[in-house]
Amino acid sequence: QTSHHSYNHHTMSPPRIMFDDGSRIMEAAAASNEDDAAHQSSSSSERGNISTEVYYEIDRVAKEVVEKLDWSTNTSRGRLLLASNTTESNVNDEDGFLCRVALQFPDELLADASEVSWLMEHAIMSAYKSKLLSQQDATAVISTSMNNHLQQYPLIFILGDTTYGSCCPDEVSANHLNANVIVHYGYACLAPTESIPVVYSFGASINNWKECVDLVSCEIDNKRKQEEESVEKALDEKLSLTDDDADSKKKTKLLLLYEVKYHHCIEDLKLALEQSGKVDVVLGTVPKQQLSVSRNELSRGRGSVSNCCGGGESGETDCCN
């Protein structure tokens, strides 16, 4: 018994009692707050002092989202749009939402995701109603079906970790909630999508394009002054002149390239440069995103596969490197 008692004495340890005055929880909470502050700081550094509405182009994106929705008669919204000019009024709603929109953010902009989602919800509702009601006679009474339909809200959800790179629209995740449109924020490789249209927002930089117009005009004036001086000198020396040399007032051809953060104001810049009468502008625009296959082809089966970020048959990446 002594031996057994001794064995139990050496193998069984007393229960450990741990005292916690709450500091451990406080330290964990402080670390969590530091992480949140870091995310917020990262997002703020991306857009600086630009407001959320401006940087994320809320109104412009919402209108494009509405335009990219399926407005065919296969959908309740399409039948309502048709009914606004006919006597048809018996239109059934589909799933209780005006539409389903997936928002995709890169990690550095995730801190703004919740605020952007609320702003997008209201902006999409406004753009959606405007499109439906714009097709209706101003003197007509809104039908019960349309009124009930417009009482609904769009379903706006934020995508988590992307399937491939953050530059690629994440159709896989968006399809899990049957998204009608993806809104992609930040840098993008502009890879074509297979089943869901995408609206891109690269982030709006400070609107200083007017200063750019002044700088370009100043450079052109200096260039013309130099050309006129060269023409006068050539005439004095009785040298032969080419047509381009003789016509110093000829418009300057300007190839305009830009970073995507200036995409929101590039058309205004082009127009202002052309109105100056000094330049012919050739604009290198960001291509408009389109579905890689049409909706009819989608219903019969896919045609091709995107080769971006591992989407190809070989699994190799053709972009985003």
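Me: Before we look at this predicted model, what makes a contact a salt bridge?

Reply: A salt bridge is a side-chain nitrogen of Lys or Arg within 4 Å of a carboxyl oxygen of Asp or Glu.

Me: Thanks! How do you know that Arg60 forms a salt bridge with Glu57?

Reply: The closest N and O atoms of Arg60 and Glu57 are 2.8 Å apart. The limit is 4 Å, so the pair qualifies. Both residues also belong to a network of salt bridges that links Glu57, Arg60 and Glu64.

Me: Why is Glu57 called buried?

Reply: Its relative accessible area is 11%, and buried means under 20%, so Glu57 fits the term. Arg60, at 26%, falls between the 20% and 50% limits and therefore counts as partly exposed.

Me: What makes the backbone of Glu57 worth a look?

Reply: Most residues other than glycine have a negative phi. Glu57 is not a glycine, yet has a positive phi of about 50°. You will find Glu57 in the loop between α3 (52–55) and α4 (58–68).

Me: Where does Asn178 lie, and why is it called exposed?

Reply: Asn178 is in the loop between α8 (171–176) and β3 (181–185). Its relative accessibility is 53%; exposed means over 50%, so the word applies to Asn178. Asn178 has a positive phi too, about 55°, although it is not a glycine.

Me: How do you know that Glu67 and Lys131 meet in a salt bridge?

Reply: Their N to O distance is 3.6 Å, and that is within 4 Å, so the definition is met. This pair links distant parts of the chain, with Glu67 in helix α4 and Lys131 in helix α6, 64 residues apart. Lys131 is buried, because its 17% is under the 20% limit.

Me: Why are Lys270 and Glu274 said to be separated by about one helical turn?

Reply: They are four residues apart in helix α11, which is why about one turn separates them. Their side chains meet in a salt bridge at 2.9 Å, N to O.

Me: What makes Leu257 eligible for a surface patch?

Reply: Patch residues need over 30% relative accessible area and no salt bridge. Leu257 has 60%, so it passes the area test and also counts as exposed. Leu257, in the loop between β5 and α11 (266–275), forms a nonpolar patch with Leu255 and Val282, with about 320 Å² of accessible area together. Val282 is on the uncovered face of strand β6.

How values were computed. Residues are numbered from 1 along each chain as its sequence is written. This is a predicted model: local features need pLDDT of at least 70, side-chain atom pairs count only at pLDDT 80 or more; totals for chains, interfaces and linings use all residues. Side-chain values use heavy atoms; hydrogens and water are left out. Buried means under 20% relative accessible area, exposed over 50%, partly exposed in between (1.4 Å probe, protein chains only). Helices (H or I, at least four residues) and strands (E, at least two) are DSSP runs, numbered from the N terminus. Patches are made of residues with over 30% relative accessible area and no salt bridge: like charges are joined within 9 Å, nonpolar side chains (Val, Leu, Ile, Met, Phe, Trp, Tyr) within 5 Å. Accessible areas come from the Shrake-Rupley method with a 1.4 Å probe; for residues, only the protein chains shown count as cover.
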